Amino acid sequence: MSKGKIIIKTAEEIAVMKESGDILCACLDMLGQNCRPGISTLELDKLAEEYIRDHGGVPTFKGYYGYPASACISINEEVVHGIPCKRKIREGDIVSIDCGVTWKGFVSDSARTFVVGTIPSEVQKLVDVTREALYLGIGAAQVGNCIRDIGLVVQQHCEKNGFSVVRDLVGHGVGREMHEPPQVPNYETSGKGPRLKPGMVIAIEPMINLGDYYVKQLADGWTYVTLDGKPSAHFEHTVAITENGPYILTNGLH
């Protein structure tokens, strides 16, 4: 996925990626409002595709290596890449929605975990800590730092709160392709990784488990679940590295 040269983006290209990210942020806002008991993940996916296309974008995920949908929708112990289907969301679920938009040839990629109704306090803490870890990781995405610095702060925050960081799946560069160099692990690595430079654009995406960090891929060839069956949370932003600090491209006007 991430072997090869890191592609530096111009200010103009980053501005286009921000436009893509604005569409995606609004789409996720809409999906969150519709993420309620009784709606199927397939219905949510249809809403996502309609929204993206109605706003001039293309659903990046659809057809990517044969993926059949516009969003990945993962419930409870599903970590990432859940394929939308007739399964209905229930009270007490946590629902991670990961989506991408291609706009004027550039990709944005973002994910959020939504809480449906009342959930156990430890699961709510998992969601909150995962979101916090994302922003700590973004805070470490400073010119002169290394990729390793991002994963280090994510791992430290999650583990001090009693959670574990998935090792088998990582963040990545983003640009004209959804997956570009470099890989962006959410944990401390032995090597420092590339140094962050202005114009780099990366997707930072902590995937954090309530139990241990082991995951497995299901027979559908896409869905990853926790090995111990405990819940997992996922948050992601596309972030540009600038001289003025990290610039989040997928947070809309927030």
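This note covers two places in a predicted model: the packing of helices α3 and α4, and the surroundings of E78 in strand β3.

1. Helix pair, geometry. Helix α3 spans residues 121–139 and helix α4 spans residues 147–160. Their axes come within 8 Å, with a crossing angle of roughly 155°. Since angles over 145 degrees count as roughly antiparallel, α3 is roughly antiparallel to α4. The crossing of the two helices is right-handed.

2. Helix pair, contacts. On the α3 side the contact is made by V129, E132, A133, L136 and G137. Their counterparts in α4 are I150, V153, V154, H157 and C158. Sorted by class, the contact between α3 and α4 comprises 7 nonpolar, 2 polar and 1 charged residues.

3. E78, location and burial. E78 belongs to strand β3, which covers residues 78–80. The relative accessibility of E78 is 14%. Buried means under 20%, so E78 counts as buried.

4. E78, polar contacts. What does the side chain of E78 reach at 2.8 Å? The partner is the backbone nitrogen of I75. The side chain of E78 also forms a polar contact with the side chain of R87, at 3.3 Å.

5. E78, neighbours. Leaving aside residues up to four places away in sequence, E78 touches I73, R87, T223, Y224, V225 and S232. R87 is thus listed among the residues touched by E78, and the side chains of E78 and R87 are joined by the polar contact of 3.3 Å.

Terms used: Residues are numbered from 1 along each chain as its sequence is written. This is a predicted model: local features need pLDDT of at least 70, side-chain atom pairs count only at pLDDT 80 or more; totals for chains, interfaces and linings use all residues. Side-chain values use heavy atoms; hydrogens and water are left out. Axes are lines fitted to C-alpha atoms, for helices over the stretch in contact, and angles run from 0 to 180 degrees between N-to-C directions. Helices (H or I, at least four residues) and strands (E, at least two) are DSSP runs, numbered from the N terminus. Angles under 35 degrees count as roughly parallel, over 145 as roughly antiparallel, 65 to 115 as roughly perpendicular and the rest as oblique. A crossing is left-handed if the near helix is turned anticlockwise from the far one by less than a right angle, and right-handed if clockwise. Contact means heavy atoms within 4.5 Å. Ala, Val, Leu, Ile, Met, Phe, Trp, Tyr, Cys and Pro count as nonpolar, Asp, Glu, Lys and Arg as charged, and the others, Gly among them, as polar. Buried means under 20% relative accessible area, exposed over 50%, partly exposed in between (1.4 Å probe, protein chains only). A polar contact is a pair of N or O atoms within 3.5 Å; within protein, one must be able to donate a hydrogen and the other to accept it, and residues adjacent in sequence count only if both atoms are side-chain atoms.
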